[in-house]
Amino acid sequence: MSDTKLQAIIQCAPCDREAQAQYHRRWVLIDEEGQALAQEHPALAELSTEVRFGYLVLRAPGMLRLDIPMDVLEDDEEAFESIRLEGGKTVRAVTEGDLANAWLSTYFTYPVRLMKLHPDEESPI
C-alpha cells in the first residue's frame with residue numbers, strides 16, 4: 001500500500017498522504033435511506049479531505065473546516081447499523097455524530113451522514 005494515497009472517505013478523492021490500512025476507505029457518506037452516495041455526485045468534487053494530527057479534516061466551499069478524531073473506537077455493538085454501498089454490498093457502520101452529519105447535510109442541502117465502517121469490515125476496494 002506504500003504507493004497508494006490515503007482515501008479516507010470512499011466517495012472522496014485521495015488526499016496527499018501515503019495510505020495507512022486502518023484509515024484507508026474506512027468512512028462512507030450515506031443518505032437518509034442508508035445508501036452510499038454515488039461517487040459521481042457533483043458536490044463531492046469540491047469536498048476535500050486531509051489528515052492532520054490524528055484528525056480527518058473536511059473542507060468545502062462556504063463551510064468552516066470540520067475536524068473528526070480518527071481513532072475513536074465504538075465498543076457498543078448496538079450503535080452499529082447496516083448500510084448499503086454502491087453495488088449493493090451491505091456493511092456495518094457507526095455514525096460520526098450529529099456535528100459531522102449537520103455539517104455534511106448543510107453542505108449537500110439534504111440529509112447526509114458520515115459513517116465509519118466497523119473494524120471487522122473489510123475496506124471496500
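Charge first: the protein chain of this predicted model carries 12 positive and 23 negative side chains, and the centres of the two sets lie 5 Å apart. In that tally Lys and Arg are the positive residues and Asp and Glu the negative ones, with His and the chain ends not counted. Each charge is placed at NZ of Lys, CZ of Arg, CG of Asp or CD of Glu. Residue numbers start from 1 along each chain as its sequence is written. As the model is predicted, local features need pLDDT of at least 70 and side-chain atom pairs count only at pLDDT 80 or more, while totals for chains, interfaces and linings use all residues; side-chain values use heavy atoms, with hydrogens and water left out.

On to the fold. The protein chain has one helix and seven strands, where helices (H or I, at least four residues) and strands (E, at least two) are DSSP runs numbered from the N terminus. Read from the N terminus, the order is β-β-β-β-β-β-α-β. The C-alpha trace spans about 35 × 35 × 25 Å along its principal axes. The radius of gyration of the protein chain is 13 Å, which agrees with the value near 14 Å for a compact globule of 125 residues. That radius is taken over C-alpha atoms, and the globule rule is 2.2 Å times the number of residues to the power 0.38.

As for burial, 42% of the 125 residues are buried. Here buried means under 20% relative accessible area, exposed means over 50%, and partly exposed is in between (1.4 Å probe, protein chains only). The protein chain exposes about 7100 Å², and carbon and sulfur atoms supply 49% of that; the areas come from the Shrake-Rupley method with a 1.4 Å probe, and for residues only the protein chains shown count as cover. Contacts (heavy atoms within 4.5 Å) tell a story about sequence separation: of those with a separation of 6 or more, 51% are between residues 24 or more positions apart.

Back to the charges, now in pairs. Side chains of opposite charge can pair when their charged atoms come close. A search of the whole structure turns up five salt bridges, each one a side-chain nitrogen of Lys or Arg within 4 Å of a carboxyl oxygen of Asp or Glu. One of them joins E81 and R113, with an N to O distance of 2.8 Å. This pair links distant parts of the chain, since E81 sits in strand β5 (residues 81–84) and R113 in strand β7 (residues 113–117), 32 residues apart. E81 counts as partly exposed at 29% relative accessibility, and R113 is also partly exposed, at 24%.

Another bridge pairs E50 with R59 at 3.0 Å, N to O. E50 has a relative accessible area of 26%, so it is partly exposed, and R59 is partly exposed at 32%. D67 and R65 form a further bridge at 2.8 Å, N to O; D67 is partly exposed with 32% relative accessible area, and R65 is partly exposed with 44%. Then there is a network of salt bridges that links E77, R92 and E121.

The helix has a buried residue worth a look. Y107 belongs to helix α1 (residues 98–108) and, at 13% relative accessibility, counts as buried. Leaving aside neighbours within four places in sequence, Y107 is in contact with A43, E46, L47, A60, P61 and M63. For Y107 and M63, 44 residues apart along the chain, the C-alpha atoms are separated by 7.2 Å.

Two arginines come up in the segment before β1. R26 lies in that segment, ahead of β1 (27–30), and is buried at 8% relative accessibility. Its C-alpha atom is 8.6 Å from that of P119, although the two residues are 93 apart along the chain. R25 lies in the segment before β1 as well and is buried, with a relative accessible area of 11%.

Backbone angles bring R25 up again. Most residues other than glycine have a negative phi. R25, however, has a positive phi, near 55°. F53 has a positive value too, with phi near 50°. F53 lies in the loop between β2 (48–52) and β3 (55–59), and at 76% relative accessibility F53 counts as exposed, whereas R25 is buried.
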